[in-house]
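Please give me a short report on this structure. I am new to it, so keep the sentences brief and explain the terms.

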Amino acid sequence: MTELIRKTAVELSELMASGQTSSVEIAQAHLDRIGAVDGEVHAFLHVDTEGALAQAAAVDAKRAAGEKLGPLAGVPLALKDVLTQEGVPTTAGSKILEGWKPPYDATVVQRLKAAGVVILGKTNMDEFAMGSSTENSAYGTTHNPWDLGRIPGGSGGGSSAALAAYEAPLAIGTDTGGSIRQPGAFTGTVGVKPTYGGTSRYGLIALASSLDTPGPCARTTLDAALLHEVIAGHDPLDSTSIDQPVPAVVEAARRADVAGLRIGVVKELGGEGYQPGVEARFHEAVELLTKLGAEVVEVSCPHFQYALPAYYLILPSEASSNLAKFDAMRYGLRVGDDGANSAEKVMSLTREAGFGAEVKRRIMLGTHALSSGYYDAYYGQAQKVRTLIAQDFTKAYEQVDVLVSPATPTTAFAIGDRVDDPIAMYKNDLCTIPSNLAGNAAASFPCGLADEDGLPVGFHVMAPVMRDELLYQVGSALEAALADQWGGVLMTKAPELEVTR
Amino acid sequence: MPSITREEVAHLARLARIELTDDELDHLAPQLDQIIGLVGQVSEVAADDIPPTSHALPLTNVMREDVNVPCLTPEQALSGAPAAEEQRFRVPRILDEEA
């Protein structure tokens, strides 16, 4: 059973159900793998060995007692460090929260626990999810398992790298502008941003409240769908949670059929600035879907070009408000409390010491965009652009069922390449941001390796609000057809990591 | 002419309660100027008659029944406090010296 770490969640579940292995064995195999490769990858900020083994033992006991268990019971998972887990250190990648142990579980975490999912630990991320590379983490950069000199994407680079390094078969990410989908694309894994409000934000350390969406990450589409079903659904503790049944994502992933589905290729998301190898794999995938019976047309979304500027007004504005709570009074870091300094001085010293450069940049930008005299020109205008982008989607969905594009303009770039050029870094999220602004569902699925660098390319699918199942329908059809060509999912082509003890 | 000056950035830092160093101000001011150039593109869009969207979904206020539900204990609530005293958060003085 040395290869337990290579199995999908579905396969692990079958092995446990048939008694060939236990949840404890599976958890231990993954903990061993983390011990062997995470020194190089640095996907985890905290590994909860004791807690994970205890959760696994509890699932095994329930199984032995004949209790009815869900499909993911006993399967390990890597949790992005932006979600609270009671008693387990949660930092959101920031020094200001170093050592903080939340006194409660996020709703997503509560649901994972209720489903018997075994949480291995917390994964690295850009500080407060601000970034596209994990280079903004206060605890060091995560390395892309496909090429350790490259970034794994961000902000959820730790979660995607954990999957690609076979440290966990499942992971949770959060997507505010692409933080699930872009790392998925860069690591050859599946990343799904559910409809905004489809998954609960309770216990998610807020970046931009009108955009933040937790979602599933996995190496296969069906595994992602099963995880989606576990975490999604109405939560009275989140005032923007949608009170409707969860879309039939698992059924759609099993159906894997696009015959008659109308697919729109977004004209504006391609061309200049897009890497040739990314475009080549994308267009091949579109052709493949056509062969599978989908009807493909080109669609124009003229306002998408303004999504990036609008996003970098809306996000910093919301972030600067949300991050005001890090005031050194109730939890987290406190600096300069010498008995003489005022509360305000302590607050300013703490925020100076506790926040990294990108967080400061965005807080300042948000503070500027919301100041009187600038509000209408910046924040107000960005909100209008947001309306126009949502209207572009509405018009497009009158013609087609889903929209598609590359998930990112390029493949994973080298560590350090864009670290001092915020605008080049922001452009990573060109394709993913429109869906956050409009709140619809979107996902990235692996569609091959770019010729120039041999690195994974992501195929981006965007579906209307609460039609998340369409993502899985397209993703699983594509995955099955590509696996036929390749003799397995894309991840089977990933290079072996050197194992150190 | 930059869209934001070093002095304006220093002012924003005070508003945002971040005690920036001189080096940081030197570094941040030109970066913010560039970013403001990028985000300023939103003004190219003719949107006078377009309603703003603050949120992707229509929002209605959500109420719950007015009944007691479990909440954090004082010990849990104070568990992450930088300083606590007599079951309260201890904070630095909030008034100025001269007050």
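The side chains of Ser155(A) and Lys80(A) make a polar contact at 2.7 Å. A polar contact is a pair of N or O atoms within 3.5 Å; within protein, one must be able to donate a hydrogen and the other to accept it, and residues adjacent in sequence count only if both atoms are side-chain atoms. This is a predicted model: local features need pLDDT of at least 70, side-chain atom pairs count only at pLDDT 80 or more, and totals for chains, interfaces and linings use all residues. Residues are numbered from 1 along each chain as its sequence is written, chains are lettered from A and ligands numbered from 1 in the order in which they are written, and side-chain values use heavy atoms, with hydrogens and water left out.

**The annotated site**

Which residues does UniProt list for "active site"? The unreviewed entry names Lys80(A), Ser155(A) and Ser179(A). They are spread over 100 residues of sequence, yet they cluster in space, with a largest C-alpha distance of 10.8 Å. UniProt positions are given in the numbering used here, feature names are shortened, and annotations may be inferred rather than shown by experiment.

Lys80(A) sits in strand β2, residues 76-80 of chain A. Ser155(A) lies in the loop between β3 (118-123) and α5 (157-164). Helices (H or I, at least four residues) and strands (E, at least two) are DSSP runs, numbered from the N terminus.

Is Lys80(A) buried or exposed? Lys80(A) counts as buried because its relative accessibility is 0%. Ser155(A) is buried too, at a relative accessible area of 0%. Buried means under 20% relative accessible area, exposed over 50%, and partly exposed in between (1.4 Å probe, protein chains only).

Contacts tie these residues together. A contact means heavy atoms within 4.5 Å. Beyond its neighbours within four places in sequence, Lys80(A) touches residues including Lys122(A), Met125(A), Ser155(A), Ser159(A) and Ser179(A). With the neighbours within four places again left aside, the partners of Ser155(A) include Lys80(A), Asp126(A), Gly131(A), Thr134(A) and Ser179(A).

Ser159(A) belongs to helix α5. Its relative accessible area is 0%, so Ser159(A) is buried. Not counting residues up to four places away in sequence, Ser159(A) contacts Lys80(A), Ala78(A) and Ile172(A), among others.

**Backbone details**

The peptide bond from Gly154(A) to Ser155(A) is cis, with omega near 10°. Two residues that are not glycines have a positive phi: Ala92(A) and Phe128(A).

| Residue | Phi | Place in chain A | Relative accessible area |
|---|---|---|---|
| Ala92(A) | about 55° | loop between β2 and α4 (107-114) | 0%, buried |
| Phe128(A) | about 50° | loop between β3 and α5 | 1%, buried |

**The nonpolar cores**

A nonpolar core is a set of buried Ala, Val, Leu, Ile, Met, Phe, Trp, Tyr and Cys residues joined through side-chain atoms within 4.5 Å. How many residues does the largest nonpolar core have? It has 155 residues, and those with the most contacts inside it are Leu112(A), Phe128(A), Leu403(A) and Phe459(A). A second, separate core of 22 residues includes Ala56(A), Ala78(A), Leu120(A) and Ala161(A). In soluble globular proteins, nonpolar side chains tend to be buried together.

**Chain A as a whole**

Chain A has 16 helices and 11 strands. Its radius of gyration is 21 Å, close to the 23 Å that the globule rule gives for 501 residues, so chain A is as compact as a globular protein of that length. That radius is taken over C-alpha atoms, and the rule is 2.2 Å times the number of residues to the power 0.38. The C-alpha trace spans about 65 × 55 × 45 Å along its principal axes.

Of the 501 residues of chain A, 66% count as buried. Among contacts with a separation of 6 or more, 76% join residues 24 or more positions apart.

The unreviewed UniProt entry gives the annotation "domain: Amidase" to residues 25-471 of chain A. That span is 38% helix and 14% strand, and its end C-alpha atoms lie 33 Å apart.

**A residue in chain B**

Asp23(B) is in helix α2, residues 22-39 of chain B. Asp23(B) counts as exposed because its relative accessibility is 62%. Asp23(B) and Leu12(B) are 11 residues apart in sequence and 16 Å apart in space, C-alpha to C-alpha.
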